[in-house]
Amino acid sequence: METNNDNNTSQSQQLQDEDMLSTLTDDILLSILGRVSLRVAARTCVLSTRWRHLPWLLPELSIDVKDFLSVPCADPIEANDMEKAMVSLTNATRSFLADQQREFSISSLHLKIYLINTFLCEVGPLIGDAVDSGLLKDLDLSILDENSILECSEEDMLHRAQQIDAFFSAYPSVPHCLTKLFLHNADFDKLDMHHVMFDCCKQLKHLILLNCQTGADSLFKIDAPNSNLCVLEIHKCRFEIIEVVCLPKLEKFSWDTWVGEYAPVAFGYVPSLGELELSCGAECDQREFKLSELLDGVTGIHTLTLDFQGENIWLQPEIEELFIAFNKLKKLSIRGIFVEFDILWTMAFLVAAPSIEILHIEVWEHACEVGDARLDSSLDRRTPQWEMRFEGSKNRLLKELEFTGFRSLEQQFTFIRSVLERSPNLHKIVLRGDEQCKYCDALEESLRPSKFPKKEDEQEMVVKRIRYGTFSPEIFFEE
C-alpha cells in the first residue's frame, strides 16, 4: 500500500522535474512544444506561468481538427462530433492568430479542417486577416472528409468542389499564401480546376489529390509555366490521363491507382523532375505500356518507384529504349511483385541504368488475399514474359540491394546471384520479411505464418546459397 510519505516523495520529485524544465531557455522549451500537438501544448502551458506565453512564440503552428474530437470517438465519426471539433478548432485558431498575443510572425500554419460551411466563414477571415497583416507567411491546408471513396456519391463530390471553390473565392488571401494543399473527394467537373490550383494558388509547392476528378475518366491538362509546384501526388483519382504540359519546378510526381486504359501520365516540359512513383494493381481494361514512352523527354530521373500491388506487370518489355531516361537513375524500387512470379525480368532495368546505387525489390504475398478474399474483378495473374538478353556493362556503382518479402525460394536466390554477377561492388544485402497490411494484421497468427528465415541455421543456409563460394557481400536479416 502506498503511504503518505510515498505520495509526498512523488509529488516532490514531480515539482523538482518541473522546476528543472522551467530553467531551460525559451528556445529549448519551444523545441519541446513543437513536437506535440497544439492542443497538448496549450494544456501544458496552462499549468505553469513560466510556460504560459510560449505557444504564442511558436514559429510553426499545427492545428488538426482530429485533435479536438472527443475520446473515445464513434467509428465512423458522426456529423455532430465533427461540428464540435470544428468549434474547438475555430476557437484555437482565433486565439493563436490574435495579433495582440503574438510577438513574432508565424512562418507556417499547418491546418486540417472539415468542410463545414458555417465554420469556413469563420476560419476564412481569420486566416485572411493574418495573411494581410503579415502575421502568417505560409499555409499548409488539408480539407478532410471522413467518407470512404465507395461512400461518396457524384453529387457529394460536386458539392465539395463547389464549396472549396467558393471558399477560395470568398477569401482570396487564403489561396495566395497556400504552399501545400490536400483535397479529398472533390469533383471539379463544372469548375475550372486548373484555375483553382494554379492561378489562385500562386505559391503552391505541394499538391495532394485523393479521389478527385474533373468529371469521370477525363483529361486533366496542366500548363503552368509560372507555377512553383514541386510535388504532385495523385491517389485514386479518376482522371483518364494527366497531361503535364509545363511545370518547370516539378521535382516529384506520384500516382497511386489509376483507372485509364493506357499510360496514366504524359510529360512535357518538366526539367526539374527527378523522382517518379507509379503504383497500380492492373485492372481488366488496362493495357501494358512502354515506360520509355511515358518518360520521353524526361532525362533527370534519379529515383524511380514502380509498384504492381501484387497484380500483373503493366509494363511492356524493353531495355535499350530506357537508356536515355535511366541515364541518371540512382535509386530503383520495384515493389508489389507477386510471390510466384519470376523476378529476373527486372534485370532489364539494371542493364539500362549504369548509375544505379541502391536497388529495392519487394515481393508481394498477403495472407488476407488467400482463397476467395481476392477481388472478383482482379485479373488472372500471369508471370511476366520478358525474353531478352541481359547483357551490357556492369553496374559498378550498385552498392546495396534490399529485398523485402524474402522466403528462400529458388527464383529469389537465382535473382540475387544474378545481381551480384552484374555488380562487382555490391557489398550489402538486406533481407526483410513480408510487409503486411492492416487486414493481414487483423487475421489470427495461425492464418499468417511467417516464411522468413529466423533461426540461425536457416540464415546460415541462406548466406551460403547467396555467396555460393564466389561472392562475399554482407548479408543482414531484418524481420
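**Exercise 1. Strand 13**

Is strand 13 (residues 331-338) largely enclosed by the rest of the structure or not, and how many of its eight residues are buried? Work on the predicted model shown above.

*Solution.*
Step 1. Recall the cut-off: a residue is buried when its relative accessible area is under 20%.
Step 2. Apply this to strand 13. Six of the eight residues are buried.
Step 3. Conclude. Strand 13 is largely enclosed by the rest of the structure, because six of its eight residues are buried.

**Exercise 2. The partners of strand 13**

Find the strands that pair with strand 13, and name a residue pair for each.

*Solution.*
Step 1. Take strand 12, residues 303-307. Strand 12 runs parallel to strand 13, and five bridges link the two. Look across from Thr305: Ser333 in strand 13 stands opposite.
Step 2. Take strand 14, residues 358-364. Its pairing with strand 13 is also parallel. Here there are six bridges. Phe338 has Trp364 of strand 14 as its bridge partner.
Step 3. Now trace the chain. Helix 10 covers residues 347-352. Together with strand 13 and strand 14, helix 10 makes a β-α-β unit. What is the hand of this unit? It is right-handed.

**Exercise 3. Two cis peptide bonds**

Locate the cis bonds that lead into Pro72 and Pro76.

*Solution.*
Step 1. Start at Val71. Its peptide bond to Pro72 is cis, with omega about -5°.
Step 2. Go on to Asp75. The bond from Asp75 to Pro76 is cis, and omega is near 5°.
Step 3. Place the prolines. Pro72 sits in the loop between strand 1 (60-64) and helix 4 (79-96). Pro76 is also in the loop between strand 1 and helix 4.

**Exercise 4. Positive phi**

Which phi values do Lys236 and Gln309 have, and where do these residues lie?

*Solution.*
Step 1. Read Lys236. Its phi is near 55°, which is positive although the residue is not glycine. Lys236 belongs to the loop between strand 7 (231-235) and strand 8 (239-246).
Step 2. Check exposure. Lys236 has 37% relative accessibility, so it counts as partly exposed.
Step 3. Read Gln309. Its phi is near 50°, again positive in a residue other than glycine. The loop between strand 12 and strand 13 holds Gln309.

**Exercise 5. The nonpolar core**

Describe the largest nonpolar core and the surroundings of Phe326.

*Solution.*
Step 1. Count. The largest nonpolar core has 137 residues.
Step 2. Find the contributor. Helix 5 (residues 117-132) gives the most to this core: seven residues.
Step 3. Find the hubs. Leu291, Phe326 and Phe349 have the most contacts inside the core.
Step 4. Zoom in on Phe326. Leaving out residues up to four places away in sequence, Phe326 touches Leu291, Leu295, Leu304, Phe349, Ala352 and Ala353.
Step 5. Add the general rule. In soluble globular proteins, nonpolar side chains tend to be buried together.

Conventions
Residues are numbered from 1 along each chain as its sequence is written. This is a predicted model: local features need pLDDT of at least 70, side-chain atom pairs count only at pLDDT 80 or more; totals for chains, interfaces and linings use all residues. Side-chain values use heavy atoms; hydrogens and water are left out. Buried means under 20% relative accessible area, exposed over 50%, partly exposed in between (1.4 Å probe, protein chains only). Helices (H or I, at least four residues) and strands (E, at least two) are DSSP runs, numbered from the N terminus. Two strands pair if DSSP finds at least two bridges between them. A crossover is right-handed if, with the strands pointing away from the viewer, the path from the first strand over the helix to the second runs clockwise. A nonpolar core is a set of buried Ala, Val, Leu, Ile, Met, Phe, Trp, Tyr and Cys residues joined through side-chain atoms within 4.5 Å. Contact means heavy atoms within 4.5 Å.
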